[in-house]
Amino acid sequence: MPSTTDRPDGSDDPFAVAEAALDAPAAPRETVPVERATEAIDRPTGALEAGDRPTVLVDDKKLGAQPTVKVPGQRKPPPRSRRAPLPVAVAFATLWAAALSYLPVAAVIGMARTLEGQGGLGGAAHAGLAGWLLGHGVPIGTSAGSLGLPPLLLTGLIVWRLNRAGLHVTRAIGARRSGKIGDALLVAFSIGLTYSLLGSVASLAVDGRGTDVTPARAAINFFLLGLLGSLAGSVRGTDALSVLARRTPRVMRDGLRTGVMAALFILAAGAAAAGLSVAFGGGQAADTISVYHTGVAGQAGITLLSLAYGGNAAVWAAAYLLGPGFALGTGSEVGLTEVMVGKLPALPLLAGVPDGPMGAAGAVLLAVPVLAGMAAGWLLILRLNRAALGDEKSGRAGPKKGPGRKPELPWSTVLGGGLLAGPVAGLVLGVMSRASSGPLGDGRLATIGPDPWQVALVATIVVALSASLGAAAARTFAPAPKS
């Protein structure tokens, strides 16, 4: 067989054959011209002048300023809100609030019962239920007389839990931030009615076992406390508080806020005074606790029981600073100028009761409520200045006065808010004085606490004058608000 370029050297290797084919020169190819028939297209031609077409000037700034339109997306069905029925939400929230306020009382009283060697879960539950009713202001009849001195710390816990109940029910029924006052009132009335029924059942459970409780009185107290406590939470949850604030005149709003702040300042000063007084009498308080020959649990129980009346002591000290003072028994008086008390119960909290009149130092203590009212009036003007500055920025109060300039508040607004703060503070302190008072039996301790009418009258006069003075001083000397 002759040798070809496809098989170099007669090799049968396919790889060698492929390499030889690639290396071999390409054979020449003949090219033939191809003729294509073309047809002439007759199109009219014309001269285009520059003025025949309009010219458009493209401006990037104008293009960026064009309004944009948001294309709506595909419509989706609104999500179905899961709302709880009102009776179910009210029942659950009310029972939960009652349980969270009752269990601590049962635990503390159960620990305190070890003082007398009386243990047992049933006895602690019954005594805790009686103490829980007492926290609602329901008097408990005993062999020693009527017990009607409510521990305000427990009352504050009850009101806080009812406040949370009103807020939770508002969210559960889908009325959150609806702005409807009717929804807030409906929630509060429903919780108050349910709480009243619960108080009646509790009074029936306590009545007849060495204690005497009136179910009608318990129903009324529970209804009022449940209504007011839950209303505070429902108006916040529905945002009805903002609606009411917008409908209230500005001067009245300022007076309400300033009066409440002044009352809180005076109560805070009373709490500080009571704490310092008990701290200075710490040795006597320790001796009082050592009188009870019991274990650690009993001493802890009596200490917690005294702390439960710490709120009462703060209100009594506030009345002491205002001047009217308070009573620790029939015919007794504890004031800045006179102290007349008899034999007191062996409680560590009473170790802070002063031994005699303060004398010249009493005049200094009388200045504390005045300073509290002046501070509330000063804060009123600072708040009004910030509000006026915000109105100037938004253009609702005329042209701006420039940086560093104070808004010129009218004297009617300044003095009106300060004078209205007096009755508001008097009402708050009078109600607190009434809530902190009550009997501890039918004997000499049948009258305990300050006189609410005297406290309300003195607080009204003191706060009205001091808040107006503080507001006037702030309008004159307070620095301009920062922008």
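Good morning. I begin with Leu322, which is buried, with a relative accessible area of 8%. Here, buried means under 20% relative accessible area, exposed means over 50%, and partly exposed lies in between, using a 1.4 Å probe and protein chains only.

Before I continue, please note that this is a predicted model, in which local features need pLDDT of at least 70 and side-chain atom pairs count only at pLDDT 80 or more, while totals for chains, interfaces and linings use all residues. Residues are numbered from 1 along each chain as its sequence is written, and side-chain values use heavy atoms, with hydrogens and water left out.

Leu322 belongs to helix H12, residues 310-322. Helices (H or I, at least four residues) and strands (E, at least two) are DSSP runs, numbered from the N terminus. Which residues does Leu322 contact, leaving aside its neighbours within four places in sequence? They are Ile266, Leu366, Pro369, Leu429, Val455, Val458 and Ala459, where contact means heavy atoms within 4.5 Å. Val458 is 136 residues from Leu322 along the chain, and their C-alpha atoms are separated by 6.9 Å.

Let me now give the overall picture. The chain contains 15 helices and 6 strands. Of its 483 residues, 37% count as buried. If we take contacts between residues at least 6 apart in sequence, 76% of them join residues at least 24 apart.

I turn to helix packing. Helix H9, residues 250-280, and helix H14, residues 411-435, pack at an angle of about 50°, and their axes are 6 Å apart. That makes H9 oblique to H14. Axes are lines fitted to C-alpha atoms, for helices over the stretch in contact, and angles run from 0 to 180 degrees between N-to-C directions. Angles under 35 degrees count as roughly parallel, over 145 as roughly antiparallel, 65 to 115 as roughly perpendicular, and the rest as oblique.

H9 passes H14 in a right-handed crossing. A crossing is left-handed if the near helix is turned anticlockwise from the far one by less than a right angle, and right-handed if clockwise. Residues of H9 that make the contact include Ile266, and those of H14 include Leu429. Those two names also appeared among the contacts of Leu322. By class, the contact of H9 with H14 has 14 nonpolar, 6 polar and 1 charged residues. In this scheme Ala, Val, Leu, Ile, Met, Phe, Trp, Tyr, Cys and Pro count as nonpolar, Asp, Glu, Lys and Arg as charged, and the others, Gly among them, as polar.

The second packing involves H4 and H6, at an angle of about 135° and with their axes 10 Å apart. These two helices are therefore oblique to each other. H4 passes H6 in a left-handed crossing. Among the residues in contact are Trp132 of H4 and Tyr195 of H6. The contact of H4 with H6 has 9 nonpolar, 3 polar and no charged residues.

Trp132 and Tyr195 lead us to the aromatic rings. A pair of aromatic rings is described by the distance of the centres and the angle of the planes. Rings of Phe, Tyr and Trp (its six-membered ring) pair if their centres lie within 6.5 Å; planes under 30 degrees apart count as stacked, over 60 as edge-to-face, and the rest as tilted. By this rule the count comes to 6 aromatic pairs.

Tyr102 and Trp132 form an edge-to-face pair, 6.1 Å centre to centre, with 75° between the planes. Tyr102 is in helix H3, residues 86-112, and Trp132 is in helix H4, residues 121-135, 30 residues away. Are Tyr102 and Trp132 buried or exposed? Both are buried.

The rings of Tyr195 and Phe222 have their centres 5.0 Å apart and their planes at 35°, so this pair is tilted. Tyr195 lies in helix H6, residues 181-206, and Phe222 in helix H7, residues 215-237, so the pair ties together parts 27 residues apart in sequence. Tyr195 and Phe222 are both buried. Ring pairs link Tyr102, Trp132, Tyr195 and Phe222 into a cluster.

I close with Asp239, in the loop between H7 and helix H8 (240-247). Asp239 is partly exposed, with a relative accessible area of 28%. Its phi is positive, about 65°, although Asp239 is not a glycine. The C-alpha atoms of Asp239 and Ile181 are separated by 8.5 Å, with their positions 58 residues apart along the chain. Ile181 lies in helix H6 and is partly exposed, with a relative accessible area of 25%. Thank you.
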